[in-house]
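Open your viewer, get comfortable, and let's take a walk through a protein together. At each stop you will be told what to select and what to look for.

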Amino acid sequence: MRIYADVNRFPDLLAGETSSVIIQVAGTPEVNTATPINGKFVVGIPDGVTPPVITSASRLLDPSVPPGILPTIYNSLLAQYPTYGNILYNPILNASDIAKLDATAVFPWDPGPPIKTWSSRFQTGTPLGGTKGVAPNSVAVLPENSTTTPIRPGVLITDKIDIAAYTGGLGASSFVVYWKVYQMSVTNDVMNYTSGVNTPALKNLIEVDQDILDVFLSCDNGVGYTQASRLATVSTGVPGNDVRLAFINHTRSKVYVTAYAVMF
């Protein structure tokens, strides 16, 4: 399922969402389906999670407005994994969510010696005018650059996710990772001066296989990483409290990361 919302009325701060920006709730289309989203963005609802009740009073940012859309979604996801007691998530909707991404982080792709790393290569989007913040659905892991030696994939790494308060300082070694990614396409705005027909530009959200990116988890603040499969158990062996996720793009197109979560 997807929640569609109005990108033009979506504020950067919780207090700015004085009216509902939600337009509709609809099903998730098949992989490779392109959906026009001019002026809109989507919030994905994981498979198996019942969509929260949405009314004209609903707010995406404010968790205190019943039913608390994002907490309801992610707590329902956690409930599907009864062996895990905690979930931390980032819906990547505003500037505070963007602050949870680390543009200075590197990914150790070869342990060496010497250690070889890839630098972060991703983009964020900000709306023009008004309060500066992220334009939802605009965080993209850049395509792989094959013209360099060695090649450089797109890399997005989260900031440290400190789970010490949830584990009593003991750390965790077993995790489940969720993420939601898309691709985008934009058609040209074409004016046919013979017929007088103007075909507007369309921004399309494309549903993709969620394994299009390689995703890795670290529980030692990025020193070492273990590859993760979506919504499957990933074990790090040694427990740790300092979690990071790394998204690696080896494709020739941008891949847009719209949400991620870690259960432990």
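In which strand does glutamine 227 lie? Select it and see: glutamine 227 belongs to strand β17, which covers residues 226-228. Keep in mind throughout that this is a predicted model.

**Stop 1: glutamine 227**

Is glutamine 227 buried, partly exposed or exposed? Glutamine 227 counts as partly exposed because its relative accessible area is 48%, and the partly exposed class runs between 20% and 50%. Now show its surroundings: leaving out residues up to four places away in sequence, glutamine 227 touches Asp214, Val215, Phe216 and Val234. For a distance to try yourself, pick the C-alpha atoms of glutamine 227 and asparagine 249, which lie 14 Å apart in space and 22 residues apart in sequence.

**Stop 2: the largest nonpolar core**

Next, select Phe175, Leu213, Leu217, Phe247 and Tyr260. These are the residues with the most contacts inside the largest nonpolar core, which has 29 residues. The elements that give two or more residues to this core are β12 (172-186), β16 (214-218), β19 (242-249) and β20. Of these, β12 gives the most, with five residues. In soluble globular proteins, nonpolar side chains tend to be buried together.

Stay with tyrosine 260 for a moment. Beyond residues up to four places away in sequence, tyrosine 260 touches a list of residues that includes Leu88, Ile92, Thr158, Trp179 and Phe247. There is also a second, separate core of 26 residues; select Val43, Ile45, Leu78 and Ala261 to see some of its members.

**Stop 3: methionine 184**

Move along to methionine 184, placed in strand β12. Methionine 184 is buried because its relative accessible area is 17%, and buried means under 20%. Which residues does methionine 184 contact, leaving aside neighbours within four places in sequence? They are Ile37, Asn137, Lys203, Asn204, Leu205, Ile206 and Tyr256. Then pick isoleucine 22 as well: from methionine 184 it is 162 residues away in sequence and 21 Å away in space, C-alpha to C-alpha.

**Stop 4: serine 138**

Now select serine 138, in the loop between β8 (122-123) and β9 (140-141). Serine 138 is buried too, with a relative accessible area of 12%. Zoom in on its side chain, where a polar atom lies 2.8 Å from the backbone oxygen of alanine 135. Apart from residues up to four places away in sequence, serine 138 touches Gln123, Thr124, Gly125 and Tyr256.

**Stop 5: the largest cavity**

How many cavities of 30 Å³ or more does a search of the whole structure find? The answer is one, and the space in the largest cavity is about 60 Å³. To find it, select its lining: Val42, Val43, Gly44, Tyr74, Pro91, Leu93, Asn137, Tyr178, Thr258 and Ala259. β4 (40-44) and β20 (255-263) each give two or more residues to this lining, and β4 gives the most, with three. By class, the lining has seven nonpolar residues, three polar ones and no charged ones.

**Stop 6: the second largest pocket**

Finish at the second largest pocket, with a volume of about 220 Å³. Among the residues to select for its lining are Leu60, Asp62, Tyr89, Pro91 and Lys100. The elements giving two or more residues here are α1 (69-79) and α2 (95-98). Colour the lining by class and you should find seven nonpolar, two polar and three charged residues.

Notes. Residues are numbered from 1 along each chain as its sequence is written. This is a predicted model: local features need pLDDT of at least 70, side-chain atom pairs count only at pLDDT 80 or more; totals for chains, interfaces and linings use all residues. Side-chain values use heavy atoms; hydrogens and water are left out. On a 1 Å grid over the protein atoms alone, a cavity is a set of points where a 1.4 Å probe fits but cannot get out, and a pocket is an open set with protein on both sides within 12 Å along at least five of seven lines; lining residues have an atom within 4 Å of a point. Grid points are joined across faces, edges and corners, and a volume is the space filled by probe spheres set on the points. Helices (H or I, at least four residues) and strands (E, at least two) are DSSP runs, numbered from the N terminus. Ala, Val, Leu, Ile, Met, Phe, Trp, Tyr, Cys and Pro count as nonpolar, Asp, Glu, Lys and Arg as charged, and the others, Gly among them, as polar. A nonpolar core is a set of buried Ala, Val, Leu, Ile, Met, Phe, Trp, Tyr and Cys residues joined through side-chain atoms within 4.5 Å. Buried means under 20% relative accessible area, exposed over 50%, partly exposed in between (1.4 Å probe, protein chains only). Contact means heavy atoms within 4.5 Å. A polar contact is a pair of N or O atoms within 3.5 Å; within protein, one must be able to donate a hydrogen and the other to accept it, and residues adjacent in sequence count only if both atoms are side-chain atoms.
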